[in-house]
Amino acid sequence: HSHRPLTELFHNIGNLRPSSTMGKKSRVKTQKSGSGASAVVSPKEMMNLISELLQKCSSAAPPAGKEWEEYIQIRGLVEKIRKKQKGMSIVFDGSREDYFPDLMSWAQENGASCDSFTVADFGPEGYGLRATRDIKAEELFLWIPRKMQMTVESAQNSVLGPLYGQDRILQAMGNVTLALHLLCERANPASSWLPYIHSLPQEYDTPLYYQQEDVQLLLGTQAVQDVLSQYKNTARQYAYFYKLVQTHPAASKLPLKDSFTFDDYRWAVSSVMTRQNQIPTEDGSRVTLALIPLWDMCNHTNGLITTGYNLEDDRCECVALQDYKENEQIYIFYGTRSNAEFVIHNGFFFQDNAHDRVKIKLGVSKSERLYAMKAEVLARAGIPASCIFALHCSEPPISAQLLAFLRVFCMTEEELKDYLLGDRVINKIFTLGNSEFPVSWDNEIKLWTFLETRAALLLKTYKTTSEEDQSMLEKPDLSLHSRLAIQLRLAEKQILEKASASGRAKRLHFQKKQEEGALLPRYEESDIALLENTDSDAKLPIILRKLEEVEEGQEIPMEEHSPFLNGEKALYGMSMEANGEKVQEETQKVSQDVDSALASIGISNQHGQREVGNLSASRTEDNPKENSE
């Protein structure tokens, strides 16, 4: 979502066509008229402030509870630096839309597709692509050749190359490389990417642009930690590269040597985090990061990923997500992101997000008497004894992994023995994540009670109620950034409220079963078991999904590999060969998607989408976050 900020109107009065000699003189012209040149800051004074900032941001993580305090200190230093840099940042004259015709003709000259759409303003959604003819679902309507894309490779072949070759941080962090690549090209009047760079927003709505009071609205939420780290990491990177550019011999020719403000860096990293994508390298051997002009004007909606990379023609290709009539907005699906990811990395909140989720950290306590047995059953199912799981906004709120974990977590000693030593142990482990086959009514009641109370406890940690958030959102004078923060805070609570209610409903359902003395469904007697190959030697290794311990702030993709049956295409691990004979699938193929597996058993689980294309050029799900150096 490329919102055009209101402030943009006042931002572009300075007439800027950066001259090749980006000296201090030509920079004064870039000031907003009337602000008057700020007192000249000596390079030494600036360097001292930058060193202080670098030190402040490189210190170890603050003790728990002190993160906000640290943020305020870092922010104070940054604001001091910004004040001294007032009027020194590049601002292009004219508004964004003045540059869209150039963008389109540049795309045309470079062999991109331009005949099915135009760039248009969609009000609250910002700019997007509008169909100029009817487009059919799955029709290829947009392609962007590699030469138009800004990639880590194009950065290496640019003026940034020498520094890239020497600096370990650039080599390790493609997103930072792209940000500096963007700034170097922006300052080069002869850059072939100027039509693209001119068309980018001059400001963004990522939390790097929030006022302190907007960020404060997120205190007590799950998302706040990532927001504070994003700011700290960005400030640290800025200070590090400011010093590097001033002192490193390989940086002597960079335009950034004359002027490189915090606002420049904030703009560049926001451009990258809202737009970056993974594409394959030219030889197809690795993935690399890219900015994909024109395609990145598309706004997001629910659906499936419809963008891929065609290595043969060396271009990014996008097919229509649905039918579009002439003049309708063309959307793409950015991936199964939570609203926290949208707000923090894309700068918008997506109201009907089918993939919204919150994190829940769970683990079997090492001091528990049954720890060893529980850990062993979990290990056989491929689940770690402690892990960050997700609670989803859709029904059921828990994934197959989390169901399996909670079942083991709540098992009695007798039940554990049964899953370790009983007969048909393999079958039992196999059905741990399958909601059709409870361990016992008692176990099911325990796990749903646990979920119900845990979600309710998490809700108590918020500073406001959902009702209070709702009424705050009705205030007409709320700033956009405050609105985003409150919407995010409310969405977290709504997922927890739903999960708690869902836990309660399930608990009541199973208590009723228990009271009725209902018979427990047995896997061995079910239809699925009949369809299975019952020869236990031919059993496949059961692996739920190796979930590594995650770094903070990283969502675990919970939906990738399934221990269950294969998806719809090759139901129950069998597939038809061309000669019509059934063949047992290879082990790898059996780890398709949890969802299609569950769907084949008639359980709907609405998250987890497949990526289309050779190597997805989707807006990357796991954006290399602003990871620390």
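**Helix α15 and a three-stranded sheet**

Helix α15 is followed by Gly382, a residue with a positive phi near 75°. This angle, like every other value reported here, comes from a predicted model.

The helix itself spans residues 371–380, and four of its residues, Lys374, Ala375, Val377 and Leu378, are buried. Where do these buried residues of α15 fall when seen down the axis? They lie within an arc of 165°, so they line one face of the helix. A friendly way to follow this in the structure is to look along α15 and find Lys374, Ala375, Val377 and Leu378 in turn. The next point concerns the partners of that face. The buried residues of α15 pack against three helices: α16 (400–409), α17 (413–421) and α18 (425–430).

Attention now turns to the strands. An open sheet is formed by three strands, β4, β6 and β5 in that order, with antiparallel pairing. Which strands are at the edges? They are β4 (150–151) and β5 (277–280), each of which pairs on one side only. As general background, the strands of a sheet pair through backbone hydrogen bonds, and the pairing may be parallel or antiparallel.

On one side of the sheet order, β4 is joined to β6 (residues 287–291) by two bridges, and these two strands run antiparallel. The individual partners can be picked out by eye: Met150 has Leu291 of β6 as its bridge partner, while Thr151 stands opposite Ala290 in β6.

The pairing of β5 with β6 is also antiparallel and extends over four bridges. Here, Asn277 has Ala290 in β6 as its bridge partner. Ala290 is thus a useful landmark for a reader tracing the sheet, as it stands opposite Thr151 and is also the bridge partner of Asn277. How many residues separate β5 and β6 in their hairpin? There are six between them, and Gly284 in the turn has a positive phi of about 75°. As for exposure to the surroundings, β6 is mostly covered, with four of its five residues buried.

Finally, the cysteines were examined. Is Cys57 buried or exposed? Its relative accessibility is 1%, so Cys57 counts as buried, the cut-off being under 20%. Cys387 likewise counts as buried, because its relative accessibility is 1%. The count of disulfides comes to zero, with a disulfide taken as a pair of cysteine sulfur atoms within 2.5 Å.

Definitions and conventions
Residues are numbered from 1 along each chain as its sequence is written. This is a predicted model: local features need pLDDT of at least 70, side-chain atom pairs count only at pLDDT 80 or more; totals for chains, interfaces and linings use all residues. Side-chain values use heavy atoms; hydrogens and water are left out. Two strands pair if DSSP finds at least two bridges between them. Buried means under 20% relative accessible area, exposed over 50%, partly exposed in between (1.4 Å probe, protein chains only). The arc is that of the directions from the helix axis to the C-beta atoms. Contact means heavy atoms within 4.5 Å.
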